[in-house]
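Please open the model in a viewer and keep the selection panel at hand. The tour proceeds by selections, each followed by a description of what is found there.

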Amino acid sequence: MSRLRPSGRWAAGLVTLTVTAASTLAAVTAVAGPAAATGLPKPATTADQPKLGDACTSADLGARHPFIKTTEVVPTITHFKGWYVTEGTTGNQTVTTTTQTTISVSVGLNGNVEGGFAVETLGKVGASLGLNVKVDYSSTSTESNAVTWNFNQPGYYGAYKGTKKVTGTYGSLNCNRVQQGDGSWALKWIDGSGNGSFTTYTTLEEGAVRCQDKVPAGSIMAKAQDLLDCGSAAAKTEHPAGAVAPTAKQKRDSLAQRPALTSGTSAQLPKATGHSTRAALDCQASAYKIAVPGKPLSWGAPLLADDGVRLRPSTIFSAHLDNWRLCNVTENNGVLEASLWNWGNGGCATIAAQNAATERAVLQTAPCTEDDLQRFYIYRDVPGSSKIGVQNKYTGSMMGHDRYADGEFIRQYSSGRQDGTGTYTLIGV
């Protein structure tokens, strides 16, 4: 481990974490004040639909929910073919179209919609717009591109498949303490870390349209009619029955592309920089256990590099693997950001880069570097309580565990743990 430069002390025996404007951590007593949250009441669920500024409980410190910030709905043609129908060729025909635009469903880091947070995000998109949108990973390129239509009049047609492409941005609702106007403290849902962007689409619609047809403005059919290029020679010239070669406009407007698995990565998300340089950390002098509230098990770092952080009992044989220091600490809008350095193995808590987009990926330790995968946001209960929630800066996921048991891994959960098992206590040692 590279050099540690203690920059201040936390008072011994005190367990509540607070920070001054200069980011110096000062503790308060472990005796809960009258405003402190007690116990772990039932957390808010997805059905509760928490909103920005709503009250939350200490159980929600390890949970998060999405809220939709912006949306845009654009009619989009995904498959298209110019088609000419002559006298004697009217009736049902099957037209093999070509791909015009590919739309892939994505949320945040991963093109594959994995984890409760992504599904909840898309569900809220559909609910807010009154649209039935895709809520799991899919791509319009996987849909059949054959259009069967009853052409009952001769003429120049555009046979098409289309959809409404829905894009936008989302925010992350996190529970954190907020100081009231009268100086008291309360727990509320705030705009936390983990904002990003999404793309999805509605059910595909198919049909055929002519230049002379009257169609609703802003509809998928109107978009297909525009692509038909009614002012072109192809639209004004008679052709043999069947396919018509694409016009220059149709070629120019073609946006066919393969779905990219990383297309959902948000420009707002920080970048993971890799593990190339050991970091010189500015760590606080005091060490802490990150424990399950009211119970003896706490986060224990591994001795082996390929193992993960687990719930372990604290004993005289723990070799400081259960002791953590907060390093390079900053604060923004009441939320702490820090690297978690382990006293026992000299590594920093991290999510492995190859597992960054994986639901339930195990928390590990690695040599400390300048890497957002090793940075964590800490959401705090009201003063007088030591309860916290921990969120990875890069992935946006909350830390938690599946069950309370010796040896159970600490993992990341995109929506956190809605049963309170993502709420921990920060205990000074």
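**First stop: a threonine side chain**

In this predicted model, select A59 and display its backbone oxygen, which lies 3.2 Å from a polar atom of the side chain of T423. Add S58 to the selection: the side chain of T423 reaches the backbone oxygen of S58 at 2.8 Å. T423 itself belongs to strand 24, which covers residues 423–428. Is T423 buried or exposed? Its relative accessibility is 1%, so T423 counts as buried.

**Second stop: the disulfides**

Next, select the cysteines and display their sulfur atoms. How many disulfides does a search of the whole structure find? The search finds 4 disulfides. With the bonded cysteines numbered in sequence order, the pairing reads 1-2, 3-4, 5-6, 7-8.

Begin with C56 and C175, whose sulfur atoms are 2.1 Å apart in a disulfide. The S-S torsion of this pair is about 85°, and the disulfide is therefore right-handed. The link connects distant parts of the chain, 119 residues apart: C56 sits in the loop between strand 2 (25–28) and strand 3, and C175 in strand 8. C56 and C175 are both buried.

Move to C283 and C327, joined by a disulfide with an S to S distance of 1.9 Å. This link of C283 and C327 is right-handed, with 95° about the S-S bond. Here too the pair links distant parts of the chain, 44 residues apart, with C283 in the loop between helix 4 and strand 13 (288–291) and C327 in strand 16 (residues 324–332). Both C283 and C327 are buried.

Then select C348 and C368, a disulfide with sulfur atoms 2.1 Å apart. The torsion about the S-S bond of C348 and C368 is 95°, and the link is right-handed. C348 lies in strand 18 (residues 348–350) and C368 in the loop between strand 19 (364–366) and strand 20 (376–380), so the pair ties together parts 20 residues apart in sequence. C348 and C368 are both buried.

**Third stop: helix 2**

Finally, select residues 220–227, which form helix 2. Which residues of helix 2 are buried? They are I220, A222, A224, Q225 and L227. To see what the buried residues of helix 2 pack against, add strand 3 (64–85), strand 8 (155–179), strand 11 (205–210) and helix 4 (248–253) to the display. Strand 8 was met earlier as the strand that holds C175. End the tour just after helix 2, at D229, where phi is positive at about 60°.

Technical notes: Residues are numbered from 1 along each chain as its sequence is written. This is a predicted model: local features need pLDDT of at least 70, side-chain atom pairs count only at pLDDT 80 or more; totals for chains, interfaces and linings use all residues. Side-chain values use heavy atoms; hydrogens and water are left out. Helices (H or I, at least four residues) and strands (E, at least two) are DSSP runs, numbered from the N terminus. Buried means under 20% relative accessible area, exposed over 50%, partly exposed in between (1.4 Å probe, protein chains only). A polar contact is a pair of N or O atoms within 3.5 Å; within protein, one must be able to donate a hydrogen and the other to accept it, and residues adjacent in sequence count only if both atoms are side-chain atoms. Contact means heavy atoms within 4.5 Å. A disulfide is a pair of cysteine sulfur atoms within 2.5 Å.
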